[in-house]
Amino acid sequence: MSVDLWVWLVTAAAVVGMVVFDFYAHVRTPHAPSFSESARWSVFYIALAVVFGIGLGIVWGWGHGSEYFAGYITEKSLSVDNLFVFLIIMTKFAVPREYQQKVLLVGVVIALVLRTVFILLGAAAIAQFSWVFYLFGAFLIYTAIKLARENHDSDGDVRDEPAPGGFAVRTLKRFVPTTEEYHGDRLSVRIDGKRYLTPMLVVMVAIGSTDVLFALDSIPAIYGLTKEPYIVFTTNAFALLGLRQLYFLLGGLLERLVYLSQGLSVILGFIGVKLLLEALHTNEVPFINGGEHVEWAPEIPIWLSMTVILGTLAVATVASLYATRNDRKPAVTES
């Protein structure tokens, strides 16, 4: 799949344009978005991603189209798990609801920049070193095991969770004076002639530092489904663009997805195994099978990958909602 430079430039400009539009249309004036507003824009961004995928399939073939949709579903699912971390950060720093949109949009921008860097580095590494698939596969299996041990317990209080990005926040506070109170959505404020950073900027640093970890998980996962950097970039971009609206849309439902981490661990583990099998199939490492490809290593087709991804997400979602079915029922008082 050959993508001309002008296509890359137009795509990047469109992504930047949507971020700028999002800021001026929704975030610039602080407000807590309603459920209907969040639902409309969530549907818009998902529909936009679907239309783009259909167009990609028509232009470059449905083999690449299938890779795009499998990658988009995976990245969107990982972004939902990321929202739980954002919820912890927002709660820890007591961010007023009307200012949360600005924090989330900045987090999305940081994530887009970081993932673009990792995408380019990953593409360069894959082009030069075929053994990088062994590293990607092993890392995804390790991440899958770590995710399987997580517990998004609906009975717990997210305020009891450890704050992500703690090291970056501690380092910032050690060298730069900060205030404990919010001053609207301002990032800094002058008090008695001295400039202080507000908690708004501290929260953004916390989210930005966790975005690095998210990128480390998501980029190897998508490269396990496609080797095309353009598809890797667009799936990540579309998964992130609607993240702010999805945060407010899911609301309390987010805390009910108690088996999401386990479902994602199955998906990442599957993709990790897929990468290892592909590495064996195209092996050039001299101390493995004498540098020759391994005949018995199968290639997992994209339709099977998509089936596993969709099936696992469906089971994890249904099981989560069933397990927490009584959480939203009002308590019955005895008369």
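Two residues are in contact when heavy atoms of each lie within 4.5 Å of the other. By that criterion, and not counting residues up to four places away in sequence, Gln245 of this predicted model touches Asp22, Ser38, Trp41, Ser42 and Tyr45. Gln245 belongs to helix α9, which runs over residues 243-250, and its relative accessibility of 2% is why Gln245 counts as buried, the cut-off being under 20% relative accessible area.

Asp22, one of the residues that Gln245 touches, also takes part in a contact between two helices, in which helix α1 (residues 5-27) packs against helix α8 (residues 229-241). Two packed helices are described by the angle between their axes and by the distance between those axes. For α1 and α8 the angle is about 10° and the axes are 12 Å apart, and the two helices are therefore roughly parallel to each other. On the side of α1 the contact is made by Val7, Trp8, Thr11, Val15, Met18, Val19 and Asp22, while α8 contributes Pro229, Tyr230, Phe233, Thr234, Ala237 and Leu241. By class, the residues of this contact comprise 10 nonpolar, 2 polar and 1 charged.

Pro199 is found in helix α7, residues 199-223, and with a relative accessible area of 7% Pro199 is buried. When its neighbours within four places in sequence are left aside, Pro199 is in contact with Thr179, Glu180, Glu181 and Tyr182. A further spatial relation links Pro199 to Leu187, since the two are 12 residues apart in sequence and 7.5 Å apart in space, taken from C-alpha to C-alpha.

Helix α7 is also among the elements that cover the buried residues of helix α5, together with α3 (62-92), α4 (100-128) and α11 (260-281). The buried residues of α5 are Val132, Phe133, Tyr134, Phe136, Gly137, Leu140, Thr143, Ala144 and Leu147. Helix α11, for its part, is mostly covered, with 16 of its 22 residues buried.

The lengths of α5 and α11 can be set against the span expected at 1.5 Å a residue, as follows.

| Helix | Number of residues | Expected span | Distance between end C-alpha atoms |
|---|---|---|---|
| α5 (residues 132-148) | 17 residues | 24 Å | 24 Å |
| α11 | 22 residues | 32 Å | 31 Å |

For α5 the distance between the end C-alpha atoms agrees with the expected span, and for α11 the distance of 31 Å likewise agrees with the 32 Å expected.

How values were computed. Residues numbered from 1 in each chain as written. Predicted model: local features only at pLDDT ≥ 70, side-chain atom pairs only at ≥ 80, totals over all residues. Heavy atoms only, no water. Helix = DSSP H or I, 4+ residues; strand = E, 2+ residues; numbered from the N terminus. Buried < 20%, exposed > 50% of the residue type's maximum accessible area, 1.4 Å probe, protein only. Axes fitted to C-alpha atoms, helices over the stretch in contact; angles between N-to-C directions. Parallel < 35°, antiparallel > 145°, perpendicular 65-115°, else oblique. Nonpolar A, V, L, I, M, F, W, Y, C, P; charged D, E, K, R; others polar. Expected span 1.5 Å × (residues − 1).
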